[in-house]
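Visitor: I have a few questions about the labels people put on structures like this one. Could you show it to me and walk me through them?

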Amino acid sequence: MEKQKHLDDNISQIDNLVIYIIGLNRSGSTLLDNILSYHEQVMSVGELHNLNGYYCKTGFGRRQNWLCSCNSEVKECSFWSKVIKDTSFSKEFITKLEDTKYYKTDILSSYFIKKNFHKNIQHTQNNLTGETFANNTWALYESVFRHSKKNIIIDSSKEISEAYFINKYKKSNIKFLLIERDIWEVVFSKRKRIANFTTEYKQKLGIKENSIYKDILLSYKKAKQNKVIAKEILTKENADIKVVKYSCLAKAPNEVLNEICDFLKISSINIPQEMGIGSRITHTIHGSPSRYEKKKIKLDERWREYYKKKKIALWWARILQFFI
Ligand SMILES: [Zn+2]
């Protein structure tokens, strides 16, 4: 009893911390999230911004049938049902911002990206959506802290404009990790994944199949925007951001992880030989299905084979990558 009390006192002395991962889909955020979730004080919520979609059973998550990783619907899940009750959650409770317009700029200089971002931020600000979104997200974080009894939350929602508002209206300590992966690898991973979907599923989700050149351009735009906004706007607003390169993380996970723990000011984490959730019961929302696979961390280089007959596309991607 005495020992337990001592332990509880120690835990409560650690300040609450939210770790928000920014990056492109298919950039290795699930790997990063998965590695960090081995810390004893970490609760990984997956992509929290999809909670409303999971609650209403709409949008992303159709493939998982909108189930929490514990295999229950969020309304019935032993964890999320408490959070939902706590926050008076309803279908009007915004957990996501319409992000796509932020990077639909055709002029790709940093100056215009910032100008366009500010214009859109102002619009989101004027109609109070940004502030409402941020307040809702912080209410969810606070409830997650309370019910998980953990001091660190990892949210891998990845969207830069959401990060901007969460930082602007922050209610406790938050740090950002920007994960970067070369765009030809991101595009390879995305196209390989979509190739496995049925036509019916693609229609339901409104997934358009672009040419590889267009996919590369879109990934470039979003990666460039993430970098410019993270470096020149979030940093100016005193946000703590660290860039994590996927290739370094996959090649030397222990080294990179030590750097990340230093940045986050959290105790070090032992990475298991094989990743995967295994028998742990977790309550994550959405995220890559690969989080359930048992596998060793290694650099995925299957893109090399894929681009052997797509040399022009690879060069197109390499040129654009140079300008990020
Ligand atoms: Zn659950």
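What follows is a short conversation about rings, burial, charges and a sheet.

Guide: Happy to help, and please keep in mind that this is a predicted model.

Visitor: Why is the pair of Phe197 and Tyr201 called edge-to-face?

Guide: The planes of Phe197 and Tyr201 make 80 degrees, and edge-to-face asks for over 60. Their centres are 4.9 Å apart, while pairing asks for within 6.5 Å, so the label holds.

Visitor: How do you know whether Phe197 is buried or exposed?

Guide: Its relative accessible area is 9% and buried means under 20%, so Phe197 is buried. Tyr201, at 15%, counts as buried too.

Visitor: And what makes Tyr306 and Tyr307 an edge-to-face pair?

Guide: Their planes stand at 90 degrees with the centres 5.2 Å apart, so the cut-off of over 60 degrees is met. Tyr306 has a relative accessible area of 22% and is partly exposed, whereas Tyr307, at 2%, is buried. Ring pairs also link both into a cluster with Trp184, Phe188 and Trp303.

Visitor: What makes you say that the charged end of Arg318 sits over the ring of Trp184?

Guide: The charged end of Arg318 is 4.7 Å from the ring centre, and the distance limit is within 6 Å. The rule also sets an angle of within 35 degrees of the ring normal.

Visitor: Turning to the open sheet of 5 strands, what is the strand order?

Guide: The order is E2-E3-E1-E4-E5, with parallel pairing.

Visitor: Why are E2 and E5 said to stand at the edges?

Guide: Each has a single partner strand, so one side of each is left without a neighbour in the sheet.

Definitions and conventions. Residues numbered from 1 in each chain as written. Predicted model: local features only at pLDDT ≥ 70, side-chain atom pairs only at ≥ 80, totals over all residues. Heavy atoms only, no water. Pairing = 2+ DSSP bridges. Helix = DSSP H or I, 4+ residues; strand = E, 2+ residues; numbered from the N terminus. Phe/Tyr/Trp six-rings, centres within 6.5 Å; stacked < 30°, edge-to-face > 60°. Buried < 20%, exposed > 50% of the residue type's maximum accessible area, 1.4 Å probe, protein only.
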